[in-house]
Amino acid sequence: MTTSRRRLVHRWPVRLTHWLNALAMPCMFMSGWAIYNASPLFPFTFPAWATLGGWLGGAIAWHLAVFWLLLANGLIYLLYGLFSGHFRRDFLPLSPRAIGRDFAAAVRLRLGHHLGTYNAVQRLLYWGVLVLGVLVVLSGLAIWKPVQLQGLAALLGGFDTARYVHFFAMAGIGAFVVVHLALVILVPRTLPPMITGRAHEEVNDESA
Ligand code: HEM
C-alpha cells in the first residue's frame, strides 16, 4: 500500500537565513547601484527606478545598515552549515564528472529533481555563491575603510581594483539569482518546502 507522509527537507535555520537573505539582497543591489551611479566604473549607469536611497548619502546609509544584517545572517548560516554537517551532507560530494553529467542533463531539460537532494549543478552554484558572498563582503569592507583595512585593500589589488572585484562579485551574485529563480520556476514544487520545511512523500508500506 502507498501512503503519504511529510518529510523534513529544509531545517529552520536554513529557511530563516535564506529568506532574510532574499529580502536583504534587493536592498543591497539597489542601494549599491545608486552608489555606483555617483561614480560609474563603466560607461553605463543603472536606471533611477532600480536604485534605493534617493541620493548618495541615503544609498550609503541603506547599504551599510542592510550590510550588518546580511553579515550577521551570513555568519549564522555559515556556522550552522559547517557545524551541523549541512554543507558536508548536502553540498558534497562534488566531482567534475558529476557536474558534467548533471549539466548535460540540465541543458537537455532531463535533470530529475529529488526533493532534499541537490544535484551537482545546484551544489556547484551554491558553493559558487558562497565564495562570491565572501568576496563581496571582503571587497566591500576594503573600499569602505581603505585606510584602516589597508592590508585587506592591498590583498585585493588596492582600492581601485577592489572596486572592480566588488562590482564583478555583485554581478556574479546577480547572475546566480537569475539562474536560481529560473530553476525555481522550472521546478516550482521546490518552493513550498523552502517555506514550511516539509514535503509530501509517497512511501510504499511493505507491512500493509
Ligand atoms: C536573492 C538571493 C538568493 C540567494 C543568494 C539564494 C541562495 C540559496 C541557497 C544558497 C540555497 C541552498 C540553501 C541550503 O540548502 O543551504 C537556496 C535554496 C533555495 N532557494 Fe534561494 N536564494 C536567493 C533567493 C531566492 C528566492 C527569491 C527564491 C524564491 C522565490 C528562492 C528559492 C529557493 C528554493 C526553493 C530553494 C530550495 C531548492 C531545492 O530544494 O532544490 N531563493 N537558495
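Helices here are DSSP runs of H or I that are at least four residues long, strands are runs of E with at least two, and both are numbered from the N terminus. With that in hand, the loop between α4 and α5 (120–144) is easy to place, and Leu109 sits in it. This is a predicted model, so everything below is computed from predicted coordinates.

Taken as a whole, the protein has eight helices and two strands. Walking along the sequence gives the pattern β-α-α-α-α-α-α-α-α-β. The C-alpha trace spans about 70 × 35 × 35 Å along its principal axes. Of the 208 residues, 32% count as buried.

The UniProt record, an unreviewed entry, adds some labels. Residues 10–197 are listed there as "domain: Cytochrome b561 bacterial/Ni-hydrogenase". In the model, that stretch is 73% helix and 0% strand, and its end C-alpha atoms are 5 Å apart. The same unreviewed entry carries the annotation "transmembrane region" for residues 20–39, 59–80, 124–144 and 164–187. Two of these spans can be checked against the model. Residues 59–80 come out as 100% helix and 0% strand, with 31 Å between the end C-alpha atoms. Residues 124–144 are likewise 100% helix and 0% strand, and here the end C-alpha atoms lie 30 Å apart.

Next comes the metal site. The iron atom of the ligand is coordinated by NE2 of His18 and NE2 of His180, at 1.9 to 2.0 Å. What makes the arrangement octahedral? Six donor atoms surround the iron atom, and the angles they subtend run from 86 to 179°. To count as octahedral, six donors need opposite pairs over 155 degrees apart and all other angles between 65 and 115. For comparison, ideal angles for six octahedral donors are 90 or 180 degrees. As for the two histidines, His18 belongs to helix α1 (residues 12–38) and His180 to helix α7 (residues 159–186), so the pair ties together parts that are 162 residues apart in sequence. His18 has a relative accessible area of 22% and is therefore partly exposed, given that buried means under 20%.

Helix α7 also holds Ile173. This residue counts as buried because its relative accessibility is 5%. From Ile173 to Pro93, 80 residues apart along the chain, the C-alpha separation is 23 Å. Pro93 itself lies in the loop between α3 and α4 (96–107), and the peptide bond leading into Pro93 from Leu92 is cis, with omega near -5°.

A second backbone oddity turns up at Leu109. Phi of Leu109 is near 55°, a positive value in a residue other than glycine. Is Leu109 buried or exposed? With a relative accessible area of 68%, Leu109 is exposed, since the cut-off for that label is over 50%.

Helix α2 (residues 56–83) offers a pair of contrasting residues. Gly81 is found in this helix and counts as buried, at 0% relative accessibility. The C-alpha atom of Gly81 is 8.2 Å from that of Val14, although the two are 67 residues apart along the chain. Leu75 also has its place in helix α2, but at 45% relative accessibility Leu75 counts as partly exposed. Between Leu75 and Ile143, 68 residues apart along the chain, the C-alpha atoms are separated by 21 Å.

Val14 shows up again in the second largest pocket, where Val14 is one of the lining residues. About 210 Å³ of space lies in this pocket. The rest of the lining consists of Arg7, Leu8, Val9, His10, Arg11, Tyr80, His86, Arg89, Asp90, Gly116 and Tyr118. Which elements each supply at least two residues of the lining? They are β1 (2–8) and α3 (86–91), and α3 gives the largest share, three residues. By residue type, the lining divides into five nonpolar, three polar and four charged.

Methods
Residues are numbered from 1 along each chain as its sequence is written. This is a predicted model: local features need pLDDT of at least 70, side-chain atom pairs count only at pLDDT 80 or more; totals for chains, interfaces and linings use all residues. Side-chain values use heavy atoms; hydrogens and water are left out. On a 1 Å grid over the protein atoms alone, a cavity is a set of points where a 1.4 Å probe fits but cannot get out, and a pocket is an open set with protein on both sides within 12 Å along at least five of seven lines; lining residues have an atom within 4 Å of a point. Grid points are joined across faces, edges and corners, and a volume is the space filled by probe spheres set on the points. Ala, Val, Leu, Ile, Met, Phe, Trp, Tyr, Cys and Pro count as nonpolar, Asp, Glu, Lys and Arg as charged, and the others, Gly among them, as polar. UniProt positions are given in the numbering used here, feature names are shortened, and annotations may be inferred rather than shown by experiment. Donors are N, O and S atoms within 2.8 Å of the metal (3.2 Å for Na, K and Ca); water is not among the atoms, so sites may look incomplete. Four donors count as tetrahedral if all angles lie between 85 and 135 degrees; four count as square planar and six as octahedral if opposite donors are over 155 degrees apart and all others between 65 and 115; anything else is irregular. Buried means under 20% relative accessible area, exposed over 50%, partly exposed in between (1.4 Å probe, protein chains only).
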